[in-house]
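Welcome! Please take a moment to turn the structure around on your screen, and then read on for a short tour of its pockets and its surface.

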Amino acid sequence: MYKGGNGIQYYISACQTEGIATSVPIYYATGSRKRAFTVSFFSGITEPIGAVIGYLLLRPFFNDAVFGALFGIIAGIMIFISIEELLPMAREYEKSKITIIGFVVGMAVIALSLLLFL
């Protein structure tokens, strides 16, 4: 049974992480709490606004195929960012092969979990 409170709790914890990642560097760079709060607020408020706009635009077209296509596109974007941006940055700081091994093992765990729980 779905418990809506858990979803809200996960969303709030994700927003707090993003807010900290956004506001702390701005605060230390500018020394202004107001500026850090403003930037992190507008950074965080764009997600629910985008979700509402996307829902309103795609509501007439929602079906299993559209959900599958959207999830596929989003997964592709996330994988691209991981490979193009995060992996080279990790290799820059860690010269051993542990970053590549971790990346491959992570992808294998995700693939295995998809196969087991499909």
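## The largest pocket

Let's begin with a pocket. In this predicted model, the largest pocket has a lining made of Glu-47, Gly-54, Tyr-55, Leu-58, Phe-62, Phe-67, Leu-70, Phe-71 and Ile-74. Its volume is about 320 Å³.

Which helices each supply at least two residues of this lining? They are α2, which covers residues 33–58, and α3. Sorted by class, the lining of the largest pocket holds seven nonpolar residues, one polar residue and one charged residue.

## The second largest pocket

Now look for the second largest pocket, which holds about 160 Å³ of space. Around this pocket you will find Ala-75, Met-78, Ile-79, Ser-82, Phe-103, Met-107 and Ile-110.

Helix α3 appears here too: both α3 and α4 (residues 98–116) supply at least two residues of the lining of the second largest pocket. Which helix gives the most? That is α3, with four residues. By class, this lining has six nonpolar residues and one polar residue, with no charged residues.

## A nonpolar patch on the surface

Next, find Phe-67, Leu-70, Phe-71, Ile-74 and Met-78, which make a nonpolar surface patch of about 490 Å². You may recognise some of these names: Phe-67, Leu-70, Phe-71 and Ile-74 are among the residues that line the largest pocket, while Met-78 is one of those that line the second largest pocket.

Let's zoom in on one member of the patch. Phe-67 sits in helix α3, which spans residues 64–93. Is Phe-67 buried, partly exposed or exposed? Its relative accessible area is 37%, so Phe-67 counts as partly exposed, a class that lies between the cut-offs of under 20% for buried and over 50% for exposed.

## The whole protein

Finally, step back and view the whole chain. How many helices and strands does the protein have? There are four helices and zero strands, and reading along the sequence gives the pattern α-α-α-α.

The protein has 118 residues, and 7% of them count as buried. About 9900 Å² of the protein is exposed, and carbon and sulfur atoms supply 73% of that area. As you look over this surface, try to pick out the patch that includes Phe-67 and Met-78 once more.

Methods
Residues are numbered from 1 along each chain as its sequence is written. This is a predicted model: local features need pLDDT of at least 70, side-chain atom pairs count only at pLDDT 80 or more; totals for chains, interfaces and linings use all residues. Side-chain values use heavy atoms; hydrogens and water are left out. Patches are made of residues with over 30% relative accessible area and no salt bridge: like charges are joined within 9 Å, nonpolar side chains (Val, Leu, Ile, Met, Phe, Trp, Tyr) within 5 Å. Accessible areas come from the Shrake-Rupley method with a 1.4 Å probe; for residues, only the protein chains shown count as cover. A salt bridge is a side-chain nitrogen of Lys or Arg within 4 Å of a carboxyl oxygen of Asp or Glu. Buried means under 20% relative accessible area, exposed over 50%, partly exposed in between (1.4 Å probe, protein chains only). On a 1 Å grid over the protein atoms alone, a cavity is a set of points where a 1.4 Å probe fits but cannot get out, and a pocket is an open set with protein on both sides within 12 Å along at least five of seven lines; lining residues have an atom within 4 Å of a point. Grid points are joined across faces, edges and corners, and a volume is the space filled by probe spheres set on the points. Ala, Val, Leu, Ile, Met, Phe, Trp, Tyr, Cys and Pro count as nonpolar, Asp, Glu, Lys and Arg as charged, and the others, Gly among them, as polar.
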